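Grab the viewer and a pencil: here are a few short exercises to work through on one protein. Try each task before you read its solution.

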Amino acid sequence: MSLNMTPPTPAEAPEDRNGRFAEPVAGRDSRDDLLAAARDIGARLAVDASVRDKERILPHDELNWVLQAGIAAARVPKTHGGPELNYTDLARISILLAKGDPNVAQILIPHFTSVERIRLTGTPHQQARYFQGLLRGDLISGATGELGGKFVSDMTTRLSNTPRGLRLSGQKFYSTGGLMADRLRVTAKDDSGDTVSVFVPRGRAGIVQHDNWDGMGQRLTASGTTEFLDVAVAEDEVMFYSGEERKKRNYQPAATQMLHSTIEVGIALAVLDDAVAWAHRGARPRADSGVQRSVDDPYVQHTIGNIIANAHAAEAALLRAAALVDTAVAAWYGNAAADELEQRLIEGSIAVAEAKIVCNGAALRAAELIYEVGGSSATLRENNFDRHWRNARTHTTHDPINHRYRVVGNYYLNQTPPPITMYD
């Protein structure tokens, strides 16, 4: 896992390539096709998800299924020829993929965040360019988090204006999906101290990727280190954020955190499938239980009921949050009055925080309860049931849940709106 991953050769990732595939894989009328593809791909992902986890096989082929189906282009605006799915539909798609393999679903989250950043802050030229690539299967990974610093948001990566043009230098510890992406979206500080996003092809000279993510869960997200060693950057690859824009609330952080919660819903639903299968296949009733089959044991039935009730409650809370995010998006692009827009954005953010609390609990609890279905043999390594808890516990550290309780409680007690951060 400490292998350095050399960038693709120019033949694999030429600088002028815009799109992984020669033809568009999605269009304005692709909604039903994308939902159907997600159901099919989710089921296919589940077949070997445990094997990939045990042997640490990165899901290159599996991710390509997603890209070929056009799912990564789901949020491309209709004005640019895309499907522009709403977030409720995108949440359903992400849940289906996460149930099959939460690693694949998580790889797509920084991608969809990047799509919204292009929509919100890109110039018309940048939007036309990058949306065209997305319709042809491009995948964008994030390269944001760093080690060190006093706060998790501190960064030392710099975009500098030099006599040789713009140069990017620094190191990112978290680069989810970077080893499988076509472009990297790198967060950096410019010479003025403003935060910028830099979109660069993964194979550009000076980019060195390390396959060194060794978390106990979500092992296949390729969230390893990326170094930027004096990387040349073109001016039209930079999206700047003014000070005022950083202080202005928008829908994208809540939308991103909503998508993160789909991972937990998917894990809880995957646990249910494994628990039911184990009750039929591997669990044995006690001699004093009064039943001949584990599936007739009232305690096993209670456990399965507990898992599914909480999983469905989490799914409902998540889809409610997605619908409120959609309302905020509609207000944002519908030129709503400032007061109404602010209220819609706040309502979406609070609903996402509430859903996150419920979804985190459902995934972690389900991953523990599977062992109540049947005996010590459930813990055998060959079953790999522990991957569900490892994945849930690893992913739920992304945004500490105690902060979500605080945000929700403070809002209902004091009408204090959520802070404007990347998590709200």
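The exercises below deal with a helix, a cavity and some paired strands, and the model is a predicted one.

**Exercise 1. A helix and its cover**

Work out how the span of helix α6 compares with the expected value, and find which of its residues are buried.

Solution. Start with the ends: α6 covers residues 124-135, which makes 12 residues. Next, take the distance from its first C-alpha to its last: α6 reaches 16 Å, close to the 16 Å expected at 1.5 Å a residue.

Now go for burial, with the cut-off at under 20% relative accessible area. The buried residues of α6 turn out to be Gln-126, Gln-127, Tyr-130, Phe-131, Gly-133, Leu-134 and Leu-135. What lies over them? The cover includes α5 (102-121) plus the strands β2 (140-143), β5 (183-189), β6 (195-201) and β9 (238-240).

One last stop: just after α6, look at Gly-137, which has a positive phi of about 95 degrees.

**Exercise 2. An enclosed space**

Find the second largest cavity and say what kinds of residues line it.

Solution. First, count: there are 5 cavities of 30 Å³ or more. The second largest has a volume of about 60 Å³.

Then list the lining: Ile-71, Leu-90, Ile-93, Ser-94, Leu-97, Ala-105, Leu-108, Ile-109 and Phe-112. Check which helices these come from: α4 (87-100) and α5 each supply at least two residues of this lining.

Finally, sort by class. The lining of the second largest cavity has 8 nonpolar residues, 1 polar and no charged ones.

**Exercise 3. Following the strands**

Trace the pairings of β3, β4, β7 and β8, and give the direction and number of bridges for each pair.

Solution. Begin with β3 (residues 158-162): β3 joins β4 through 5 bridges, and the two run antiparallel. Leu-159 has Leu-168 in β4 as its bridge partner. The connection is a hairpin, with 2 residues between β3 and β4.

Move on from β4 (residues 165-172) to β8 (residues 226-233): the two strands run antiparallel and are joined by 6 bridges. To pin down the register, use Arg-167, whose bridge partner in β8 is Ala-232.

From β8, step across to β7 (residues 207-211): this pair is antiparallel too, over 3 bridges. Here Val-208 stands opposite Glu-227 in β8.

So which strands does β8 pair with in this trace? Put the steps together and you get β4 and β7.

Methods
Residues numbered from 1 in each chain as written. Predicted model: local features only at pLDDT ≥ 70, side-chain atom pairs only at ≥ 80, totals over all residues. Heavy atoms only, no water. Helix = DSSP H or I, 4+ residues; strand = E, 2+ residues; numbered from the N terminus. Expected span 1.5 Å × (residues − 1). Buried < 20%, exposed > 50% of the residue type's maximum accessible area, 1.4 Å probe, protein only. Contact = heavy atoms within 4.5 Å. 1 Å grid on protein atoms, 1.4 Å probe; cavity = no way out; pocket = protein on both sides within 12 Å on 5 of 7 lines; lining within 4 Å. Points joined across faces, edges and corners; volume = space filled by probe spheres on them. Nonpolar A, V, L, I, M, F, W, Y, C, P; charged D, E, K, R; others polar. Pairing = 2+ DSSP bridges.
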